Amino acid sequence: LPNVGKSTLFNKLLNEERSLTGPEAGITRDAVMVETTLAGESIKLIDTAGMRKKSKVQDSLEGLSVSSTLRALQYSHVVVLVIDATMPLEKQDNTLAGLIEREGRACVVALNKADLINVDKTYLKSFQQRLEHVMPQVRGIEVVPIIATTGMHTEKLAKAIRRAYIIWNKKIPTAALNRWLEQALEQNPPPLIKGTRLKFRYCTQTKARPPTFVFFSNLKRDIPDSYLRYLTTQLRE
C-alpha cells in the first residue's frame with residue numbers, strides 16, 4: 001500500500017538515497033531497480049509504487065505505476081510485503097497477498113513503524129494470528145518487525161528474505177516425502193467418504209520455485225477441504 005515505508009526501507013537496504021521519500025502517499029510512481037548485495041548475496045532490489053484500490057487511482061500516471069508494480073511482482077523471486085504496524089490490515093493487503101500466491105513468489109512480511117507501538121512477542125503472536133486469519137495466503141510466512149527510518153532490524157529482514165528464497169527453491173526427495181506422508185496419515189487417518197476409505201498412494205514434488213506437490217489418491221475429486229488443509233499444514237511444517 002502507499003506510504004507504508006517501502007521507499008525508506010529500500011534506501012536503508014541500499015545505504016543510499018535512491019528513491020524519493022516523504023509524508024505524502026504516492027511519491028513513488030515507477031519501479032526502481034538497483035543491483036546490490038544483501039545478506040552476502042548479489043541481488044536485484046526493486047522499489048515499487050504502492051497499489052491502491054482502483055477507485056482511488058485518479059490518473060493515468062498512477063495507473064501506469066500499478067502496472068509496473070504488477071510486472072515487478074511477476075518477475076521477482078521474493079516479495080517483501082510491507083505493512084504499517086499502526087494501521088489495521090487493509091483489504092488491499094489481502095489482494096496483494098493473493099497476487100503473490102497466484103504468481104508463486106516467495107514472501108516475507110515486513111511490519112514497519114514498529115517503534116510507534118509495543119511490538120513484543122505477545123503482539124507478534126497476535127499479529128501473526130490476525131494476519132493468517134485475514135490473509136490465509138500468507139500462512140506460515142515469516143513476519144519481521146522493522147523501523148525503516150532508522151534501519152533497525154533490516155539485517156533480520158535480509159536474513160528472512162534469504163531463508164524464504166532457499167525454501168522457495170527447495171526440492172525434497174520422493175522417498176523422504178512418502179515417509180512424511182505415511183506419518184501424517186497415521187497421525188490423522190483419512191476419513192470415510194460415502195462409505196469408502198480415502199486412501200493416499202504416494203506423493204511427489206513436481207517442481208520448485210515454488211515447491212509444488214502432487215498427491216495420488218483413490219477419491220481425488222471428493223477429498224474434504226479440511227483434510228487438504230491438514231496435509232498442507234503438515235507439509236509446510
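How do the residues of the lining of the largest pocket divide into nonpolar, polar and charged? In this predicted model, the split comes to 22 nonpolar, six polar and eight charged. The pocket itself holds about 1,300 Å³ of space. Its lining is made up of 36 residues, and those closest to the centre are R139, I167, P211, F213 and R236. Several elements chip in two or more residues each: α3 (91–103), β4 (106–112), α5 (154–168), β8 (200–207), β9 (212–217) and α7 (225–236).

Next comes the second largest pocket, with a volume of about 990 Å³. Here 37 residues do the lining, with I46, S76, V78, V79 and V80 nearest the centre. Two or more lining residues come from each of α1 (6–14), β1 (32–38), β2 (41–47), α2 (60–75), β3 (78–84), α3 and α5. Of these, β2 gives the most, with seven residues. The lining of this second pocket breaks down into 25 nonpolar, six polar and six charged residues.

Then there is the packing of nonpolar side chains. The largest nonpolar core has 22 residues, and L9, V78, V108, V144, I146, L157 and I161 are the ones touching the most other members. At least two residues of this core come from each of α1, β1, β3, β4 and α5, and α5 supplies the largest share, six residues. Take L157: setting aside neighbours within four places in sequence, L157 is in contact with L9, V80, V108, A110, V144 and I146. Another core, of 20 residues, lies apart from the largest one and includes L81, L99, C107 and V109.

Technical notes
Residues are numbered from 1 along each chain as its sequence is written. This is a predicted model: local features need pLDDT of at least 70, side-chain atom pairs count only at pLDDT 80 or more; totals for chains, interfaces and linings use all residues. Side-chain values use heavy atoms; hydrogens and water are left out. On a 1 Å grid over the protein atoms alone, a cavity is a set of points where a 1.4 Å probe fits but cannot get out, and a pocket is an open set with protein on both sides within 12 Å along at least five of seven lines; lining residues have an atom within 4 Å of a point. Grid points are joined across faces, edges and corners, and a volume is the space filled by probe spheres set on the points. Helices (H or I, at least four residues) and strands (E, at least two) are DSSP runs, numbered from the N terminus. Ala, Val, Leu, Ile, Met, Phe, Trp, Tyr, Cys and Pro count as nonpolar, Asp, Glu, Lys and Arg as charged, and the others, Gly among them, as polar. A nonpolar core is a set of buried Ala, Val, Leu, Ile, Met, Phe, Trp, Tyr and Cys residues joined through side-chain atoms within 4.5 Å. Buried means under 20% relative accessible area, exposed over 50%, partly exposed in between (1.4 Å probe, protein chains only). Contact means heavy atoms within 4.5 Å.
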